[in-house]
Amino acid sequence: FFRLILSSSLLKPLFSLGTGAPFLFRGLAFALFAEISPVYDYISGSVAFGRMSFFIISSIESLAKAQDLARGGHSSAYRINASHNSLEGIVEILEGLDAAAKATGVAALPLYIDLQGCKMRLSAVQPQCTVAEGSTVRLQGEDSWKKAHPSAGVAAATAAPGEPTVIVVPENVLAILAKRTPEKVLIDDAKVWLSGMAIDPSGALVATVAKGGTLRPRKGINVEPHPMTSHGLMPRDDAIVAATRGFSFVRYALSFVSSPMEMEALRRAVRDDRVLATKLELPLSAPTVAALAALPHAELWLCRGDLGSQLGLPELAVYYSCFVKMSLPCPLILAGEVMDHMISSPGPTRSEVCHLADAVAHGFAGGVLS
């Protein structure tokens with residue numbers, strides 16, 4: 001772990017970053033801002049001594065990763081993306097954390113299970129492959145793909161010569177895209193763009209790659225406006241909640257929420273008053289955001305990845321500016337490329353440090369690191 005200490009050599013110290021919260025990026029853990037003291041106000045010329053805390057939610061995909069972070073002692077909570085883990089794998093992690101807590105007498109940290117909700121994703125059997133700008137891709141339903149490849153866990157990553165690359169999606173997603181044939185489809189937080197979606201003469205759904213990149217299983221799909229809504233939990237989410245609500249340290253986050261009714265359905269499934277996080281990934285109106293924030297034991301996560309895919313960068317900035325001016329009665333958590341530079345660097349940029357301080361000043365209680 002690195003401990004980052006920032007101070008000004010000019011005039012008086014601006015701030016110092018004390019022992020931070022390590023987070024995992026590609027197997028490396030780094031220390032992140034946890035407190036600021038003292039703070040020198042250059043406008044008034046005064047020094048304010050105080051402490052500002054930042055809740056760190058570290059994303060994990062295995063019990064071993066949780067144990068690595070626990071040894072550092074800095075994470076405030078963990079997060080599991082349920083879309084990238086099996087139900088059996090999730091339960092195994094929870095049982096391991098619960099056993100460790102009972103053995104040591106130290107309470108387990110809160111763990112958020114991030115439920116898929118109405119988010120559209122690529123299939124779990126999508127081959128990892130690279131698609132080039134200007135190439136043609138063909139979209140295929142998961143069921144028909146499995147019938148054509150009965151012995152394939154994950155299909156070959158390359159298409160046959162002269163054949164378009166196949167993008168495998170769940171059947172319901174294929175039906176939505178075939179009905180709407182949207183002009184633009186963004187995959188994996190807009191790392192890959194498809195355009196010109198249409199039904200070809202053979203009846204296949206095809207598209208042109210407008211921005212090339214790598215496709216990976218279960219990555220998110222965005223079209224605007226988002227075509228899926230629900231007043232209850234999706235079947236898999238319901239099964240996950242039923243199997244995991246017995247662990248008292250578990251919390252839940254729900255993706256692509258469009259109304260308070262979805263969070264109320266989650267509350268009924270959970271059957272108690274534990275914290276439930278609404279992931280703001282759609283450009284919801286101010287009254288809807290306020291209603292979600294007013295729900296009992298609520299958190300709001302501002303998820304800039306999917307929200308940015310829905311809005312585009314200019315409108316994301318406008319939405320963010322309006323959001324931080326709202327006075328909301330629940331904890332606010334920032335997600336989406338938080339300290340993104342540290343994926344490949346041992347230290348943050350000056351911009352990231354200032355942005356983190358701004359996030360605290362704007363009322364964010366913490367951040368999700370994934």
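**Figure 1. Strand β6 pairs with β7 in this predicted model.** Strand β6 covers residues 77–81. It runs parallel to β7, and four bridges join the two. One pairing can be picked out by residue: I80 of β6 has I113 as its bridge partner in β7. In general, strands of a sheet pair through backbone hydrogen bonds, either parallel or antiparallel.

**Figure 2. Eight strands close into a barrel.** The order is β5-β6-β7-β17-β18-β19-β20-β21, and the pairing is parallel. From one strand to the next, the twist averages 25°. Helix α7, residues 286–293, packs on the sheet. This helix touches β18 (276–280) and β19 (298–303). The direction of α7 makes about 135° with that of β19. Helix α9, residues 313–323, lies across β18, β19, β20 (332–335) and β21 (364–369). Against β19, helix α9 runs at about 155°.

**Figure 3. K119 sits in a loop between two strands.** The strands on either side are β7 (111–115) and β8 (120–121). Is K119 buried or exposed? K119 has a relative accessible area of 9%, so it counts as buried. Which residues does K119 touch, leaving aside those up to four places away in sequence? They are G220, H226, S255, F256, E281 and D306. With D306, the side chain of K119 makes a polar contact of 2.8 Å.

**Figure 4. Helix α8 is mostly covered.** The helix spans residues 304–311, and six of its eight residues are buried. The buried residues are R304, D306, L307, G308, S309 and Q310. D306 is also the partner of K119 in the polar contact between side chains. Just after the helix comes G312, with a positive phi of about 85°.

**Figure 5. R71 and D68 form a salt bridge within helix α1.** The N to O distance is 2.3 Å. Both residues lie in α1, residues 63–72. They are three residues apart, about one turn of the helix. R71 is exposed, with a relative accessible area of 64%. D68 is partly exposed, at 34%.

**Figure 6. K65 pairs with E61, and R274 with D272.** Side chains of opposite charge can pair when their charged atoms come close. In the salt bridge of K65 and E61, the closest N and O atoms are 2.5 Å apart. K65 counts as partly exposed, at 22% relative accessibility. E61 is partly exposed too, with a relative accessible area of 41%. For R274 and D272, the closest N and O atoms are 2.7 Å apart. R274 is buried, with a relative accessible area of 9%. D272 counts as partly exposed, at 30% relative accessibility.

**Figure 7. Salt bridges link four residues in a network.** The members are R79, D114, K279 and E281. E281 also appears among the residues that K119 touches. How many salt bridges does a search of the whole structure find? The search finds 11.

**Figure 8. The whole protein sets the scene for the close-ups.** The protein has 370 residues, and 48% of them count as buried. There are 10 helices and 21 strands. Among contacts between residues at least 6 apart in sequence, 69% join residues at least 24 apart. The protein exposes about 17300 Å². Carbon and sulfur atoms supply 57% of that area.

Technical notes
Residues numbered from 1 in each chain as written. Predicted model: local features only at pLDDT ≥ 70, side-chain atom pairs only at ≥ 80, totals over all residues. Heavy atoms only, no water. Buried < 20%, exposed > 50% of the residue type's maximum accessible area, 1.4 Å probe, protein only. Polar contact = N/O pair within 3.5 Å; in protein donor to acceptor, adjacent residues only side chain to side chain. Contact = heavy atoms within 4.5 Å. Areas by Shrake-Rupley, 256 points an atom, 1.4 Å probe, with all protein chains shown as cover. Salt bridge = Lys/Arg side-chain N within 4 Å of Asp/Glu carboxyl O. Pairing = 2+ DSSP bridges. Axes fitted to C-alpha atoms, helices over the stretch in contact; angles between N-to-C directions.
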